[in-house]
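User: Please bring up the model. I would like to begin with its pockets.

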Amino acid sequence: MQRRLRTATLLGWALTDYFASPARVRLGEVALWHAAARARTVILRRNRTTLTAFTRRPDETVASFVERLAAGTEPDPTVPDPAQAGLAILYRADVPVGAGATVHALLPADLDPAAVRLLAIDDLVASLA
């Protein structure tokens, strides 16, 4: 019994260290890298009502584009219709997406799997490789 308790304690400490680590990649970071690598224009929602668009410049690397997206600097003057997007990575599926779009939503709510291609988080991460 003592050995199992010690093992469980060590596992608890290791998990706490892992989840507290700043080196651990967050879902939002995966989404930014995915969007920056796959899309010319990225629409970000910073809160429930504000959409901001960013278009990758011809000489901008993916890494530079990710930095600009994360910082929110130099957005486009207008925002395209998000329902025209081919890829949507959402926390909550309350943004209109077009038929046939590839969508990952942490909270998929009323997304119709017959109308969109649902993407699991492991598929999203694996496709970055």
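Analyst: In this predicted model, strand E3 makes the greatest contribution to the lining of the largest pocket, with six residues. Strands (E, at least two residues) and helices (H or I, at least four) are DSSP runs, numbered from the N terminus.

User: Which other elements supply at least two residues of that lining?

Analyst: H2, E1 and H3 each do so, as does E3 (87-92). A pocket here is an open set of points on a 1 Å grid over the protein atoms alone, where a 1.4 Å probe fits, with protein on both sides within 12 Å along at least five of seven lines; lining residues have an atom within 4 Å of a point.

User: How many residues line the largest pocket, and which lie nearest its centre?

Analyst: The lining has 31 residues, with Ile43, Leu44, Arg45, Ile89 and Leu90 nearest the centre.

User: Turning to H3, which of its residues are buried?

Analyst: Phe65, Val66, Arg68 and Leu69 are buried (under 20% relative accessible area, 1.4 Å probe, protein chains only). Seen down the axis of H3, they fall within an arc of 165° (taken from the directions from the axis to the C-beta atoms), so they line one face.

User: What is on the face turned away from the buried side?

Analyst: That face of H3 carries Glu67 and Ala71, which are exposed (over 50%).

User: Where is confidence lowest and highest?

Analyst: Mean pLDDT (the predictor's confidence in each residue, from 0 to 100) is lowest in helix H1 (residues 2-20), at 71, and highest in helix H3 (residues 62-71), at 92.

User: What conventions apply to numbering, confidence and atoms?

Analyst: Residues are numbered from 1 along each chain as its sequence is written, and side-chain values use heavy atoms, leaving out hydrogens and water. As the model is predicted, local features need pLDDT of at least 70 and side-chain atom pairs count only at 80 or more, while totals for chains, interfaces and linings use all residues.
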